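Subject: A structure for you to explore

Hello,

I am passing a structure on to you, with some notes on what turned up in it. Please open it beside this email and follow along.

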Amino acid sequence: MDSDHEQGPSRKKIAKESRDKEKLSSVQEKYKRERLTPTLFQAVFDDLSGSSSEETDIGTDTDESSEHLETETADEDLGSDESEESEVETATRARRGTGARARARHTTRTPVPTDSDEGWCSDNTAPFVDNFTGTPGLTVPVPTTVLGFIQLFLTQKLLKYIAYETNLYASRSRARTGQKTKNRWEPVTVKEIARYLGLTILMGICPLQRLRMYWQTGRFWYLLCFNTFMTGKRFEMSARYFHVYNNKSIPQGQGVDKLIKVRSLMQYLLNRFKTIYIPNKNLSLNEGTMPWRGRLSFKTYNPNKPDKYGIKLCMLAEANSSYIYDFEIYSGVGKTIMISIIFSPKLSYNDGIQAD
């Protein structure tokens, strides 16, 4: 009696070990061609633990009864009509069905929103997009020279406005009180402002390390056009008092626009961008960085960019020609003011640039 009693548990243990090995081999066969990812770990765990927990709950005593129950489970879950399958294949299918039920129980724990507005929309209807009715292209006669294209944006009214604000700022800064004649300020003209802007653009095309190197004669980097149009001293004086906004018009207190000194110029250029050219249907919204390492409160830093320090701009441009139709300068979190002001013909020099 004692020997039979001892052999009973040992046979159960051997049968359980054989079933575990069979289950492990079936799981390995199932997932041997799959790439294990974090989302697949739960399925593997369910396949390994699902059938064993179910077998423990059933509490079979003999190998024949366990095989019988596994065969019935496979027939109920998978609906198999084949009667000549091997016992190994039947057990594998039963474990797969058990793992599927465990995954189903796991997924049904996620609460389903009752309100349709809070969940995903099941409507696959394509969105309605209006037809493009614009006529792309220039709205003005096409210039015949490069200077003509530049003058579409740097107009005569803009140059007059810059000359006026520059002379106003220089007079209030007491620029005429210098004892030496060469340090005294002489009012700039519209032609000098145009030359100053042209030389500034040329400096970006031909960069040198120092400003005075552009006026050094007898050097291999010497550019004749700089001395031809403006002396180095006059250029430095113009750059010192260059202004596009009246400082007396800046309001006092917190919440002042950080770009208020250039807001008038930005609005005028944006108005010209939108008036002169009508873009195509395909537009691109992107951001860019203007390199700058000077002192500026809204200067940005991005170590992943070629120009790590600079001023960030958000631009709406045409996808084909890269023509900038609209832009906005980032001036800090919660401080950027979107451009939505339309020019009025009542604007004067004290309020901003006179509109066309």
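Let's start with the salt bridges: there are six of them by the rule used here. Please keep in mind that the model is predicted. As background, side chains of opposite charge can pair when their charged atoms come close.

**Salt bridges**

A good one to begin with joins the side chains of Asp 20 and Lys 16, with 3.3 Å from N to O. Where do Asp 20 and Lys 16 sit relative to one another? They are four residues apart in helix H1 (residues 2–31), so about one helical turn separates them. Asp 20 is partly exposed, because its relative accessibility is 28%. Lys 16 also falls in the partly exposed class, at 47%.

Next, look at Arg 212 and Glu 236, whose side chains meet in a salt bridge of 3.7 Å, N to O. This pair links distant parts of the chain, 24 residues apart: Arg 212 is in the loop between H7 and H8, while Glu 236 belongs to helix H9 (residues 232–240). Arg 212 has a relative accessibility of 61% and so counts as exposed. Glu 236, at 23%, counts as partly exposed.

A third salt bridge is formed by Arg 263 and Asp 257, and here the closest N and O atoms are 2.9 Å apart. Are these two residues buried or exposed? Arg 263 is buried, with 9% relative accessibility, and Asp 257 is buried as well, at 13%. The cut-off behind this is that buried means under 20% relative accessible area, which is why both values qualify. There is a further partner to find: salt bridges that share partners join Asp 257, Arg 263 and Glu 328 into one network.

**The pockets**

Now for the empty space. Rolling a probe the size of a water molecule over the atoms shows where empty space is left.

The largest pocket has a volume of about 1700 Å³. It is lined by 34 residues, and those closest to its centre are Phe 242, Val 262, Leu 265, Met 290 and Ile 311. Which helices and strands each give at least two residues to this lining? The helices are H6 (156–172), H7 (190–205) and H10 (260–276), and the strands are S3 (283–291), S5 (309–318) and S6 (324–329). H10 provides the largest share, seven residues. Sorted by class, the lining of the largest pocket holds 29 nonpolar, two polar and three charged residues.

The second largest pocket contains about 470 Å³ of space. Of its 16 lining residues, Leu 147, Ile 150, Ala 194, Leu 197 and Gly 198 are the closest to the centre. Helix H5 (146–151), H6, H7 and helix H8 (224–229) each supply at least two residues of this lining. H7 gives the most, with seven residues. By class, the lining of the second largest pocket divides into eleven nonpolar, four polar and one charged residue. If you colour H6 and H7 in your viewer, you can follow them from one pocket to the other, since H6 and H7 each supply at least two residues to the lining of the largest pocket and at least two to that of the second largest pocket.

**Around the loop between S1 and H5**

On the surface, Leu 138, Val 142 and Phe 149 make a nonpolar patch of about 260 Å². Val 142 is in the loop between strand S1 (137–138) and H5. With a relative accessible area of 57%, Val 142 is exposed.

Thr 139 is also placed in the loop between S1 and H5. Its relative accessibility is 43%, so Thr 139 counts as partly exposed. How far apart are Thr 139 and Tyr 277, in sequence and in space? They are 138 residues apart in sequence, and 5.8 Å apart in space from C-alpha to C-alpha.

**A backbone detail**

Finally, turn to Ser 322, in the loop between S5 and S6. Its phi angle is near 65°, a positive value in a residue other than glycine. At 55% relative accessibility, Ser 322 counts as exposed.

Enjoy looking around, and write back with any questions.

Best wishes

How values were computed:
Residues numbered from 1 in each chain as written. Predicted model: local features only at pLDDT ≥ 70, side-chain atom pairs only at ≥ 80, totals over all residues. Heavy atoms only, no water. 1 Å grid on protein atoms, 1.4 Å probe; cavity = no way out; pocket = protein on both sides within 12 Å on 5 of 7 lines; lining within 4 Å. Points joined across faces, edges and corners; volume = space filled by probe spheres on them. Nonpolar A, V, L, I, M, F, W, Y, C, P; charged D, E, K, R; others polar. Patch = residues over 30% accessible without salt bridge, like charges linked within 9 Å, V, L, I, M, F, W, Y side chains within 5 Å. Areas by Shrake-Rupley, 256 points an atom, 1.4 Å probe, with all protein chains shown as cover. Salt bridge = Lys/Arg side-chain N within 4 Å of Asp/Glu carboxyl O. Buried < 20%, exposed > 50% of the residue type's maximum accessible area, 1.4 Å probe, protein only.
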